[in-house]
Number of protein chains: 2
Amino acid sequence: MAANSRLTTAVHALAWMALASRRGREVMTSEEIAASLATNPVIVRRSLGELRAAGLVVSRRGAGAGWSLTREPAAITVLEVHEALGAEPLFALHPGTPNLECPVGQGIRPVLTEVYAAADAAVRRELAGHTIADVLAQTLASQETP
Amino acid sequence: MAANSRLTTAVHALAWMALASRRGREVMTSEEIAASLATNPVIVRRSLGELRAAGLVVSRRGAGAGWSLTREPAAITVLEVHEALGAEPLFALHPGTPNLECPVGQGIRPVLTEVYAAADAAVRRELAGHTIADVLAQTLASQETP
DNA sequence: ACGTGTTGTAACAAGAAGTGTTACGATCGG
DNA sequence: CCGATCGTAACACTTCTTGTTACAACACGT
């Protein structure tokens, strides 16, 4: 369970909200969203709470409250979701400082930092190429062939 | 401490072995390598053990034993190191199965699998563009300007 | 104004993974 | 045969993620 499934949770929730919105249901409760994910409503609130901080969704309290998208699904990229969740670097440098008396230990960190940044940028470019609308369309398309 | 520093450890070790090899020291003990990383020899043996399984290094036991590269540093890409360490997927799908009665829950998994695979491929392309020799050269170059 | 439904959060448990340490058997060169 | 070194198991510690329960804050309808 090491790898992050948080992006999956968030994208699924947004796609589900996008579909409901298209059907006229603009507001959804965390419980309804959790039902689609087969998980706990608190998980949904936590995830969507981060997306709200990034401005992708809004929530209203009180009776008849819930969550809504703030934009068209076609205007939300998976990259934005990823960053809203506090994207962590793919790779980390040494846990502690390496031996600086060694030529490699002294100079390798900036080099690896650059390599890792390039890999990170590549992931971002890839995620930026998909929107919530794309994901939803492909999800529904895969079910039209019985 | 969430992110993987294993790639850093392994690349650092290989670069250090490459430098030593260039200086005539073909065999290094895990203790010498650990000294450059400022960590425990067992950490090094664990990392290099995975690289040995991938054929990137060899080890010899007994007195005067240690580790050696099996190829020129210019022929080892960072991608190979990454894969030798058992590269895990960047993102995971749902921890459990989502609700299959929901159209999104039913169809989203293959869609996300594709998106994640594309991101993975992008990282691999990036890492394939750097070799141990590159990393070592850049590491040493950064120290020539006092 | 009240009651109800929902969010917002805190607290906690369980599990997984990474890092580091100690210990000890296995192996090989001299 | 001895000593150095690998190979590996066992363990502790930390951090992260997921999931759960609990409860206060809040807002809408009546």
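These are my notebook entries on the interface between the two protein chains, the two DNA strands, the salt bridges and a few single residues of a predicted model.

**Entry 1: the interface of chains A and B**

I began with the protein interface, where 54 residues of chain B are in contact with 54 residues of chain A. Between them the two chains bury about 4,300 Å², and 71% of this area is on carbon and sulfur atoms. I then looked for the residues of chain B that supply the most, and noted B:Thr8, B:Phe91 and B:Val104, which together give 12% of the area that chain B buries against chain A, more than any other three residues.

I also looked for charge pairs and hydrogen-bonding partners across the interface: the rule finds zero salt bridges there, whereas 14 residue pairs are in polar contact, both residues being at pLDDT 80 or more. On the side of chain B that touches chain A, helices α1 (6-22), α2 (30-37), α5 (103-128) and α6 (132-141) of chain B each supply at least two residues, and the largest share, 17 residues, comes from α5(B). By class, I recorded 33 nonpolar, 17 polar and four charged residues on that side of chain B.

**Entry 2: A:His82**

Is A:His82 buried or exposed? I found A:His82 in helix α4 (residues 78-84) of chain A, and its relative accessible area is 9%, so A:His82 counts as buried, the cut-off being under 20%. Leaving aside residues up to four places away in sequence, A:His82 touches A:Leu7, A:Ala87 and A:Leu127, and also B:Phe91 of the other chain. B:Phe91 had already come up in my first entry, as one of the three residues that supply 12% of the area chain B buries against chain A.

**Entry 3: DNA strand D**

Which residues are closest to DNA strand D? Of the 30 residues that surround the strand, the closest are A:Ser5, B:Ser30, B:Arg52, B:Ser59 and B:Arg61. Of the atoms of DNA strand D within 4 Å of the protein, 63% belong to sugar or phosphate, and the rest belong to bases.

I looked up individual atom pairs next. A phosphate oxygen of the strand lies 2.7 Å from a polar backbone atom of B:Ser30, while a base nitrogen is 3.1 Å from an N or O atom in the side chain of B:Arg45. From chain A, a backbone N or O atom of A:Ala63 lies 3.4 Å from a base nitrogen of DNA strand D. The elements that give two or more residues to this surface are α3 (41-53) of chain A together with α3 (41-53), β1 (57-60) and β2 (66-69) of chain B, and α3(B) gives the largest share, four residues. I counted the classes here as 11 nonpolar, 10 polar and nine charged residues.

**Entry 4: DNA strand C**

Around DNA strand C I found 28 residues, the closest being A:Ser30, A:Arg52, A:Ser59, A:Arg61 and B:Ser5. Sugar and phosphate account for 64% of the atoms of this strand that come within 4 Å of the protein.

Two side chains of chain B have an N or O atom by a phosphate oxygen of DNA strand C, namely B:Thr39 at 3.0 Å and B:Asn40 at 3.1 Å. A polar backbone atom of B:Ala63 is 3.1 Å from a base oxygen of the strand. Two or more residues of the surface near DNA strand C come from each of α3, β1 (57-60) and β2 (66-69) of chain A and from α3 of chain B.

**Entry 5: salt bridges**

Over all chains the count comes to 10 salt bridges. I looked at A:Arg6 and A:Glu50, whose side chains meet at 3.2 Å, N to O; this pair links helix α1 (residues 6-22) with helix α3 of chain A, 44 residues apart. A:Arg6 is partly exposed at 31% relative accessibility, and A:Glu50 is partly exposed at 28%.

In chain B, B:Glu80 forms a salt bridge with B:Arg71, with the closest N and O atoms 2.8 Å apart. Salt bridges that share partners also join A:Glu83, A:Asp120 and A:Arg124 into one network.

**Entry 6: backbone at Ala38**

Most residues other than glycine have a negative phi. I therefore noted B:Ala38, which has a positive phi of about 60° and counts as partly exposed because its relative accessibility is 49%. B:Ala38 is found in the loop between α2 and α3 of chain B. In chain A, phi of A:Ala38 is near 55°, and A:Ala38 is found in the loop between α2 (30-37) and α3.

Technical notes:
Residues numbered from 1 in each chain as written. Chains lettered and ligands numbered in written order. Predicted model: local features only at pLDDT ≥ 70, side-chain atom pairs only at ≥ 80, totals over all residues. Heavy atoms only, no water. Buried < 20%, exposed > 50% of the residue type's maximum accessible area, 1.4 Å probe, protein only. Contact = heavy atoms within 4.5 Å. Buried area = accessible area lost by both parts, 1.4 Å probe. Salt bridge = Lys/Arg side-chain N within 4 Å of Asp/Glu carboxyl O. Polar contact = N/O pair within 3.5 Å; in protein donor to acceptor, adjacent residues only side chain to side chain. Nonpolar A, V, L, I, M, F, W, Y, C, P; charged D, E, K, R; others polar. Near = heavy atom within 4 Å.
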